[in-house]
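Please walk me through this structure in the viewer, one selection at a time. Where should I click, and what will I find there?

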Amino acid sequence: MPRFKEIDLKRLSLEPFSLIGDAWMLITAGDVQDYNMMTASWGGLGVLWNKPVALCFIRPQRYTFEFAERNEYFSLSFYDEKYRGALTLCGSKSGRDINKTEATNLTPAFDEPAPYFEEADLVFVCKKIHSQFLDPKCFIDTSIKKNYNNGDYHKMYVGKIIKGLKKQ
């Protein structure tokens with residue numbers, strides 16, 4: 001029996017503000033030979049250019065940035081609260097310095113175009129369709145700049161969700 005079932009995105013019921021902002025997610029990019037993941041609490045889900053999309057944001061100094069730049073696909077995965085420690089580690093340590101998979105005991109899966117983890121409850125497999133750095137000249141609310149004291153503006157990735165997977 002498969003551990004995940006493909007879901008109809010139009011029938012998916014979730015609370016995106018809680019799911020992304022409070023529970024967090026892992027952004028993962030790469031392939032079976034080399035991949036990395038990072039924790040994120042900024043992002044979005046919706047429809048853009050008549051496509052189901054996910055938005056994620058990665059600072060250029062993050063190791064995952066290199067993987068997101070090199071690869072056509074990425075995954076966003078969401079977890080039960082019992083994995084909070086693993087997500088905390090993935091958001092505070094760099095894959096340049098440690099093997100996050102070993103450190104978290106997460107089990108990578110490589111049966112989709114982007115890696116994800118077997119412990120996830122929900123996974124979106126995404127194909128990059130647009131990316132660009134945030135431009136501070138476009139901040140209408142100038143208080144946003146306080147998030148960028150070092151000038152390290154996030155790059156936004158828009159991914160067409162090609163598959164949603166839910167743990168059975």
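## A guided tour

Start with N105, which is exposed, with a relative accessible area of 63%. Keep in mind during the tour that this is a predicted model. N105 sits in the loop between α4 (100-104) and β7 (108-109). Check its backbone too: phi of N105 is near 60°, a positive value in a residue other than glycine.

**Zoom out to the whole chain**

Now switch to a cartoon view of the chain. Four helices and 10 strands make up its secondary structure. Following the sequence, you will pass through them in the pattern β-α-β-β-β-β-α-β-α-α-β-β-β-β. The chain is as compact as a globular protein of 168 residues, because its radius of gyration of 15 Å is close to the 15 Å that the globule rule gives for that length. If you turn the model along its principal axes, the C-alpha atoms fill a box of roughly 50 × 40 × 30 Å.

Next, try colouring by burial: buried residues account for 41% of the 168 residues. With the surface switched on, about 9,300 Å² is exposed, and carbon and sulfur atoms supply 49% of that area. Colour by charge and you will find 23 positive and 21 negative side chains, with the centres of the two sets 4 Å apart.

How do contacts in the chain link residues that are apart in sequence? Among contacts between residues at least 6 apart in sequence, 73% join residues at least 24 apart.

**Select helix α2**

Pick residues 63-70, which form helix α2. Which residues of this helix are buried? They are Y63, T64, F65, F67 and A68. Show their side chains and look at the partners: the buried residues of α2 pack against β2 (25-30), β3 (35-40), β5, β9 and β10. As a general aid to viewing, an α-helix has 3.6 residues a turn, so residues three or four places apart point the same way.

**Step over to T28**

From α2, move to strand β2 and select T28. Is this residue buried or exposed? T28 counts as buried, because its relative accessibility is 0%. Leaving out residues up to four places away in sequence, T28 touches Y35, N36, M37, F74, S75, A114, P115 and F117. Showing these as sticks gives you a view of what surrounds T28.

**Follow β9 to H130**

Another strand that α2 packs against is β9, and H130 lies in it. H130 is partly exposed, at a relative accessible area of 28%. Which residues does H130 contact, leaving aside its neighbours within four places in sequence? They are W49, M156, Y157 and V158. Try the distance tool on one of them: H130 and M156 are 26 residues apart along the chain, and their C-alpha atoms are separated by 8.1 Å. Then add Q132 to the selection, since a polar contact of 2.7 Å joins the side chains of H130 and Q132.

**Visit the loop at N50**

Go on to N50, in the loop between β4 (43-48) and β5 (51-58). N50 counts as exposed, because its relative accessibility is 79%. Its phi is positive, at about 65°, although N50 is not a glycine. Now select K160 as well: N50 and K160 are 110 residues apart in sequence, yet 9.9 Å apart in space, C-alpha to C-alpha.

**Finish between β9 and β10**

The last stop is the loop between β9 (122-133) and β10 (155-167), where you can select D152. With 13% relative accessibility, D152 counts as buried, since the cut-off is under 20%. Setting aside residues up to four places away in sequence, D152 touches R59, P60 and Q61. For Q61, the side chains meet in a polar contact of 2.5 Å.

K137 is found in the loop between β9 and β10 too. Is K137 buried or exposed? At 73% relative accessibility, K137 counts as exposed. To end the tour, draw a line from K137 to G151: these residues are 14 apart along the chain, with 12 Å between their C-alpha atoms.

Technical notes
Residues numbered from 1 in each chain as written. Predicted model: local features only at pLDDT ≥ 70, side-chain atom pairs only at ≥ 80, totals over all residues. Heavy atoms only, no water. Helix = DSSP H or I, 4+ residues; strand = E, 2+ residues; numbered from the N terminus. Rg over C-alpha atoms; globule rule 2.2 N^0.38 Å. Buried < 20%, exposed > 50% of the residue type's maximum accessible area, 1.4 Å probe, protein only. Contact = heavy atoms within 4.5 Å. Areas by Shrake-Rupley, 256 points an atom, 1.4 Å probe, with all protein chains shown as cover. Lys, Arg positive; Asp, Glu negative; His and termini not counted. Charge placed at Lys NZ, Arg CZ, Asp CG, Glu CD. Polar contact = N/O pair within 3.5 Å; in protein donor to acceptor, adjacent residues only side chain to side chain.
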